[in-house]
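Student: I should like to learn how to read a protein–DNA model, beginning with the surface that faces the nucleic acid. Please show me the structure.

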Amino acid sequence: MSEASQAETFVFLDLEATGLPDVDPEIAEISLFAIHRSSLKHPERDEAGVPVLPRVLDKLTLCMSPTRPFTAKASEITGLSAEGLAQCRKAGFDGNVARTLRAFLGRQAGPLCLVAHNGFDYDFPLLRTELQRQGAHLPPDTVCLDTLPALRGLDRAHGHATRAQGRRSYSLGSLFRRYFQAEPRAAHSAEGDVHTLLLVFLHRAAELLAWADEQARRWAHIAPMYNPPAAPGLEA
DNA sequence: TGCCAGGCCCTCTTTAGGGCCTT
């Protein structure tokens, strides 16, 4: 990214869905935390050295009923099921969800940078699929940061040789445990994982902000995970 | 029929294989 197009707001997000990409999953829960760049630059830390979440923080978390069942593994780790969501009378990822997302993002100062862990391979393509299903779009200057390749790349650049330390895991939970010697809370709820992601980001905020400025990808260049059939009422 | 993501990264590599990472 050029200096002129530096992201002003970072939107940390996580999806819970019906499975992995091989089953053409649908989103069942989405959580987004929007934080202005100024609140990320110099994060405060508590007495244990763990970053404290910025006080000025917009949150949005939504559950929705998928049209297809969860894989057994997805249901096991998320605690969600199509039956449970339907019983709570949650609508699917419909036009209302798309408009709510747009409204949430629209009230943040742009340009926006979406942040997700393994986002390039999972969250961003799946979100694009669901938005495409609704004929919805994000602000055209939106960019994306994936903390998985970013943190691997930063460690490589800093000479944290994996050979010397053994192959280190870069799963979100492993990063949290490595940085803070504690268990992440509420793993595999969308909001819990965004909370974990944000603390991991804050631990290395200066480096990741610089990485985002240089290497964030344009949302327009994110391909959908799969091409969904058009939603009812959106057929040509 | 039988299979089923896939890009990235590491190493017992490079004429390849296997595991990670997301649900």
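Tutor: Begin with the secondary structure elements: strand S1 (9–17), helix H2 (72–78), helix H6 and helix H7 (162–165) each contribute at least two residues to the surface near DNA strand B. Helices (H or I, at least four residues) and strands (E, at least two) are DSSP runs, numbered from the N terminus. This is a predicted model, in which local features need pLDDT of at least 70 and side-chain atom pairs count only at pLDDT 80 or more, while totals for chains, interfaces and linings use all residues. Residues are numbered from 1 along each chain as its sequence is written, chains are lettered from A and ligands numbered from 1 in the order in which they are written, and side-chain values use heavy atoms, with hydrogens and water left out.

Student: Which residues come nearest to DNA strand B?

Tutor: A residue is near a strand if one of its heavy atoms lies within 4 Å of it. Of the 29 residues around DNA strand B, the nearest are Glu16, Ala17, Ser169, Tyr170 and Leu172.

Student: How does the surface near DNA strand B divide by class?

Tutor: Ala, Val, Leu, Ile, Met, Phe, Trp, Tyr, Cys and Pro count as nonpolar, Asp, Glu, Lys and Arg as charged, and the others, Gly among them, as polar. The surface near DNA strand B has ten nonpolar, nine polar and ten charged residues. On the DNA side, 63% of the strand B atoms within 4 Å of the protein belong to sugar or phosphate, and the rest to bases.

Student: What polar contacts should I inspect?

Tutor: For protein and DNA, a polar contact is a pair of N or O atoms within 3.5 Å. A polar backbone atom of Leu172 is 2.8 Å from a phosphate oxygen of DNA strand B, and a backbone N or O atom of Ser171 lies 3.3 Å from a phosphate oxygen of that strand. Tyr122 uses a side-chain N or O atom, 3.2 Å from a sugar or linking oxygen of DNA strand B.

Student: How is a pair of packed helices described?

Tutor: The description consists of the angle between their axes and the distance between the axes. Axes are lines fitted to C-alpha atoms, for helices over the stretch in contact, and angles run from 0 to 180 degrees between N-to-C directions. The axes of H6 (residues 147–157) and H10 (residues 205–215) come within 11 Å and cross at roughly 110 degrees. H6 and H10 are therefore roughly perpendicular (65 to 115 degrees).

Definitions and conventions
Parallel < 35°, antiparallel > 145°, perpendicular 65-115°, else oblique. Polar contact = N/O pair within 3.5 Å; in protein donor to acceptor, adjacent residues only side chain to side chain.
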